[in-house]
Amino acid sequence: MMDSRIELHIDELVLDGFAGLDGGAVEQALAQVLTRLLAQRGVPASLAGGVSLAGLDAGAVDLPPGLPSRDVGQRLGHTLYRGIGG
């Protein structure tokens, strides 16, 4: 049996229009959600072979005003996973 390894690296996360959020908390929550989804549900075919997602636009995310940074990151993680074909 082959040993599988998932490595997730977020080089840059750009959040336009999100004044007052803790960018580090958003990034950490996003990475945790994506890592968990990739491990549990598998790597979508669109990512086979280590494809870069630089500049990925996964579409719109509905975020109510005042949402905590961690919750923003979690919602973004789910949206990105769907956007890459998960």
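What covers the buried residues of α2? In this predicted model, the cover includes α1 (23–41). The close-ups below start with that helix pair and then zoom in.

**View 1. Helix α2 from end to end.** Here we follow α2 through residues 69–83. With 15 residues at 1.5 Å each, the helix should span 21 Å, and its end C-alpha atoms do sit 21 Å apart, so expectation and model agree. Past the helix comes glycine 85, with a positive phi near 100°.

**View 2. The buried residues of α2.** Tucked away in this helix are Ser69, Val72, Gly73, Leu76, Gly77, Thr79 and Tyr81, which are buried. Look for α1 among the things covering them.

**View 3. The largest nonpolar core.** Twelve residues make up this one: Ile10, Val26, Leu30, Val33, Leu34, Leu37, Leu38, Leu67, Val72, Leu76, Tyr81 and Ile84. Both α1 and α2 chip in, each with at least two residues. The top contributor is α1, which gives six.

**View 4. Around isoleucine 10.** This close-up picks out one member of the core, Ile10. Setting aside neighbours within four places in sequence, Ile10 is in contact with Glu27, Leu30 and Ala31.

**View 5. Serine 69 in helix α2.** Ser69 is part of α2. Is this serine buried or exposed? Its relative accessibility is 13%, and buried means under 20%, so serine 69 counts as buried. Not counting residues up to four places away in sequence, Ser69 touches Leu21, Asp22, Ala25 and Val26. Of those partners, Val26 also belongs to the largest nonpolar core.

Methods. Residues numbered from 1 in each chain as written. Predicted model: local features only at pLDDT ≥ 70, side-chain atom pairs only at ≥ 80, totals over all residues. Heavy atoms only, no water. Helix = DSSP H or I, 4+ residues; strand = E, 2+ residues; numbered from the N terminus. Expected span 1.5 Å × (residues − 1). Buried < 20%, exposed > 50% of the residue type's maximum accessible area, 1.4 Å probe, protein only. Contact = heavy atoms within 4.5 Å. Core = buried A, V, L, I, M, F, W, Y, C linked by side-chain atoms within 4.5 Å.
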